[in-house]
Amino acid sequence: MIRLQRIVTIAVLVIAPYTARAQARPPVDSQRAAGGVRLLQLLQGFQIASSPELASAINGLLMDDGAHMRMAPKRELAPGDSARAGEIVKTARAALEKYTDVKVAERDGYVRFLPWLEDQAIYHYNNIGNAMALLGAFDATRPVSLLYKKGDHGDLKLVGAMYNAPPNAMPADLDSRLPTSIAHWHEHVDFCAASPDSVRAGVVKADAATAAKWLKITTREECTAVGGRFVPRIFGWMAHVYLFAGDDPRTIWGDDHGSMDVHMHPDH
């Protein structure tokens with residue numbers, strides 16, 4: 001079993017060396033972007049006994065106003081934005097509709113994220129190959145994640161897809177993928193990881209309560225005070241598009257609710 005605190009520490013070791021380097025480079029830093037994908041691969045495999053407290057902390061990462069969420073700036077709606085957004089939705093729906101059956105998604109390489117965490121607001125089924133591909137050219141038919149919600153009878157309902165962009169992509173780069181006047185691009189920021197020495201020495205426990213406590217730390221000062229390592233951001237830019245949650249653009253692009261979670265359309 002790969003323990004959570006070791007994984008968070010790996011996040012520091014994989015991503016931190018690229019942080020300063022990325023700030024001085026052109027928008028797409030392939031090394032740092034690949035580091036985020038490697039971290040996703042590692043996180044796919046770890047397990048830990050869950051708890052309501054940990055589930056609440058992790059689901060809180062999906063909130064627009066959550067402490068670990070930073071939204072990209074939005075620009076004013078420009079001529080052609082709505083038409084381009086509509087074409088993206090049309091193209092993606094046609095290609096992804098087959099994944100209404102989650103078994104088909106699994107057959108095609110989509111793997112459930114945090115499978116041990118049963119109570120999730122949104123279930124991400126990640127495709128590592130697509131994550132790598134989307135660091136290059138954008139392809140609406142190859143999302144990094146398929147998004148599912150649990151229905152009343154415990155079955156998984158396909159509601160949308162998640163797309164990604166390199167960690168240091170500029171606003172223009174994000175806009176070239178999904179129009180920033182419409183899409184909600186976001187990144188996950190301000191995490192604290194236990195130091196490698198404390199993990200090796202067993203000083204930091206690897207249980208759900210401890211993991212939830214570390215997820216509550218949001219500043220460099222707090223992190224330093226407990227002997228941790230501050231991680232300014234993990235992964236890269238992401239955007240949820242709720243292709244199958246309804247036909248209203250406000251639902252599809254997440255404008256009719258206050259979080260990255262989606263309110264299911266009554267007929268879905």
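A salt bridge is counted where a side-chain nitrogen of Lys or Arg lies within 4 Å of a carboxyl oxygen of Asp or Glu. In this predicted model, a search of the whole structure yields 12 such pairs.

One of them joins Asp175 to Arg75, with the closest N and O atoms 2.8 Å apart. This salt bridge connects distant parts of the chain: Asp175 belongs to helix α7 (residues 171–177), whereas Arg75 lies in the loop between β1 (69–71) and α4 (81–96), and the two are 100 residues apart. The partners also differ in their surroundings. Asp175 has a relative accessibility of 16% and therefore counts as buried, the limit for that class being under 20%. Arg75, with a relative accessible area of 29%, is partly exposed.

A further salt bridge is formed by the side chains of Lys98 and Asp108, at 3.8 Å from N to O. Here too the pair links distant parts of the chain, 10 residues apart: Lys98 is in the loop between α4 and α5 (102–107), and Asp108 is in the loop between α5 and β2 (111–112). Both residues are partly exposed, Lys98 with a relative accessible area of 46% and Asp108 with 28%.

Asp108 has another partner, Arg107, and the closest N and O atoms of that salt bridge are 3.3 Å apart. Arg107 has a relative accessible area of 62%, so this residue is classed as exposed. Shared partners also occur elsewhere: salt bridges join Arg75, Asp81, Arg84 and Asp175 into one network. The Asp175–Arg75 pair described above thus has both of its residues in this network.

How values were computed. Residues numbered from 1 in each chain as written. Predicted model: local features only at pLDDT ≥ 70, side-chain atom pairs only at ≥ 80, totals over all residues. Heavy atoms only, no water. Helix = DSSP H or I, 4+ residues; strand = E, 2+ residues; numbered from the N terminus. Buried < 20%, exposed > 50% of the residue type's maximum accessible area, 1.4 Å probe, protein only.
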